[in-house]
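Student: I have a structure open and I'm not sure how to read it. Can you walk me through it, feature by feature?

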Amino acid sequence: MSAPVVLIAEQLSPATIAALGPDFEVVHVDGTDRDALRSALQAADAVLVRSATQIDAEALGWAPRLKIVARAGVGLDNVDIKAATQAGVMVVNAPTSNIISAAELTVSHILGLARHLPRAHASLSAGEWKRSSFTGVELYEKTVGIIGLGRIGALVAERLRGFGVELVAYDPYVTATRAQQLGVQLVTLDELVERADFLTIHMPRTPETLGMIGAEQLRAMKPSAYVVNVARGGLIDEHALTEALNEGQIAGAALDVFMHEPPADTSLTGLPNVNVTPHLGASTAEAQEKAGVSVAKSVRLALAGDLVPDAVNVAGGVIDEYVRPGLPLTEKLGQVFAGLADGPLASLDIEVHGELAERNVEALRLAALKGIFSKIVSEPVSYVNAPLLAEQRDVEVRFTVDALSESYRNVITIRGSLTDGTQVSVSGTLTGPKQIEKIVEINGYDVELPIPEHLVVFSYTDRPGIVAVYGSLLGEAGVNIAGLQIARDEKKGTALSVLSVDALVDESIIERLREAIGAERLVTIDVDAL
């Protein structure tokens, strides 16, 4: 029997090849040469790439034997995850390989802004000697605001404490206990932008966080303040930032990431008070080696048929075939739960009820945690780091399994308590021969609807005419309601409406909707395709 073929499509470190071991036939190809890639993929069981090789639906169609695509890095923009999932191909990356490098780059940019290092270098290189033009500031006793206390944000906090700064942070999902451990004071976003001398952002890019530092926040900052973004392009509104810098609303900015890369417009990158780098967060020898070794280990696991902790789409390995369809369902339920929870978690209960109780369902616990934290933290979340993320946030996680399920063959429930005492829950199941993923309970209300890409969930005092009100308002805004479920605890009590809609609902429409129906609670939730 011939050895499995591992295709190396880009330059990787010798340590990556060594980590693969002697059990595979290793083939090298220039992944940017589409003809060469097509030919090489015909016999490949695994392919390792970095950022230049496009593994899209077309490339996946060239690879009848392919079992795993491994990206030696964090981002997955060059891999079509949806097409890979449909083809039954696992996708893995190296989710923690760059966290130290990204944190160190953040601190480098803060120091560069404080002491005007790039401009001073350019001036002296041009033959000038203008010491008085580059008078900077000390970090000592300055206030640094960190938006997002995930693993990178926490590492930034650790490194900055040695400079004697005051650390404040905004992260709605971090408990006061965790912040205290990091030596950080939790504040609101409004307070953070007002107090910060340096602001650094470490959040995932989602519809909710896109442009979260915009014109309003920049106007509220000190004229002497600086902003830094090495996380995701678009978290800081680039147009608003350009205006703020031109008008002197803030002193400067440092950016490693952009909404479009490379940025075609130099109106922001060409400003004298902006320090820019070309997405170098993971560009260190150590991060590249960690990434290569990490994905090489994942390839070994996948081709041996073992569980692959860093799989981002499907879990491989020795998961019971009866349990496996529940993994994407549970992960999506986790995403819905995260959307319903609007504060830091104190505890989580992940429950499996029904016939699944006879099987090994530990992977469902991991899938639930992966789904929840993928919507909360900035770094990629996998089966291996999701439990650690819960532990870091002092979230007590309980996992229970029992054979009793009254209404469905199997039901998976995620329920949790927030630190303010609020209770949140969501349940789901797979129904019918096609195993359709459905939500069957939200916050104690019985519903039944397929899990859509976009959800609007709100509660209100039950009374006539409410459906007409929100139906009309959404219709005027051009938002199509694809599905609707209404549940209530009693007549004229509290009702819950769950809408599946065809597109994202603008925040201005949400505010009008909240006001029009007097909603006690209204959230929009976006569920990633898996």
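Tutor: Sure, let's start with empty space. Keep in mind that this is a predicted model. The general idea: rolling a probe the size of a water molecule over the atoms shows where empty space is left. Here, the largest cavity has a lining made up of Asn 229, Gly 234, Ile 236, Glu 238, Leu 241, Leu 255 and Val 257.

Student: How many cavities of 30 Å³ or more does a search of the whole structure find?

Tutor: One. The space in the largest cavity comes to about 40 Å³. If you sort its lining by class, you get four nonpolar, two polar and one charged residues.

Student: What about pockets? How much space lies in the second largest pocket?

Tutor: About 1,200 Å³. The second largest pocket is lined by 36 residues, and the ones closest to its centre are Tyr 173, Glu 208, Thr 209, Glu 507 and Thr 524. Four elements each give two or more residues to that lining: α14 (326–340), β19 (454–461), α18 (507–517) and β22 (521–526).

Student: Which element gives the largest share of that lining?

Tutor: That's β22, with five residues. By class, the lining of the second largest pocket has 22 nonpolar, seven polar and seven charged residues.

Student: Let me zoom out. How do I judge the overall shape of the chain?

Tutor: Compare its radius of gyration with what a globule would have. For 530 residues, a compact globule would come out near 24 Å, and the chain has 25 Å, so the two agree. You can also look at the extent of the C-alpha trace, which spans about 80 × 70 × 45 Å along its principal axes. As for what the chain is built from, count 18 helices and 22 strands.

Student: And what share of the residues counts as buried?

Tutor: Of the 530 residues, 52% are buried. On the outside, the chain exposes about 23,300 Å², and 50% of that comes from carbon and sulfur atoms. Contacts tell you about the fold too: take those between residues at least 6 apart in sequence, and 63% of them join residues at least 24 apart.

Student: Now some single residues. Is Thr 106 buried or exposed?

Tutor: To decide, look at the relative accessible area; under 20% means buried. Thr 106 has 0%, so it counts as buried. You'll find Thr 106 in helix α5 (residues 99–115). Leaving out residues up to four places away in sequence, Thr 106 touches Val 156, Thr 200, His 202, Val 228 and Val 230.

Student: I have two lysines on my list. Is Lys 438 buried or exposed?

Tutor: Lys 438 has a relative accessible area of 16%, so it is buried. This lysine sits in strand β17 (residues 436–442). Among the residues Lys 438 touches, not counting those up to four places away in sequence, are Leu 329, Ser 427, Glu 448 and Ile 451.

Student: And where is Lys 67 found?

Tutor: Look in the loop between α3 (57–61) and β4 (68–71). Lys 67 counts as partly exposed because its relative accessibility is 41%. With residues up to four places away in sequence set aside, Lys 67 touches Asp 45, Gly 88, Val 89, Met 90 and Leu 303. You can also compare sequence and space: Lys 67 and Leu 364 are 297 residues apart in sequence, and their C-alpha atoms are 22 Å apart.

Student: What should I look for in the backbone?

Tutor: Check the torsion angles. The sign of phi is one thing to read, and omega tells you about the peptide bond. His 279 isn't a glycine, yet its phi is positive, about 55°. The loop between β12 (274–276) and α13 (285–304) holds His 279. At 42% relative accessibility, His 279 is partly exposed.

Student: What is phi near in Gln 435?

Tutor: Near 50°, a positive value in a residue other than glycine. Gln 435 is in the loop between β16 (423–431) and β17. With a relative accessible area of 38%, Gln 435 counts as partly exposed.

Student: And omega: is the peptide bond from Glu 261 to Pro 262 cis or trans?

Tutor: Cis, with omega near -5°. To find Pro 262, go to the loop between β11 (252–255) and α12 (266–269).

Technical notes:
Residues numbered from 1 in each chain as written. Predicted model: local features only at pLDDT ≥ 70, side-chain atom pairs only at ≥ 80, totals over all residues. Heavy atoms only, no water. 1 Å grid on protein atoms, 1.4 Å probe; cavity = no way out; pocket = protein on both sides within 12 Å on 5 of 7 lines; lining within 4 Å. Points joined across faces, edges and corners; volume = space filled by probe spheres on them. Nonpolar A, V, L, I, M, F, W, Y, C, P; charged D, E, K, R; others polar. Rg over C-alpha atoms; globule rule 2.2 N^0.38 Å. Buried < 20%, exposed > 50% of the residue type's maximum accessible area, 1.4 Å probe, protein only. Contact = heavy atoms within 4.5 Å. Areas by Shrake-Rupley, 256 points an atom, 1.4 Å probe, with all protein chains shown as cover.
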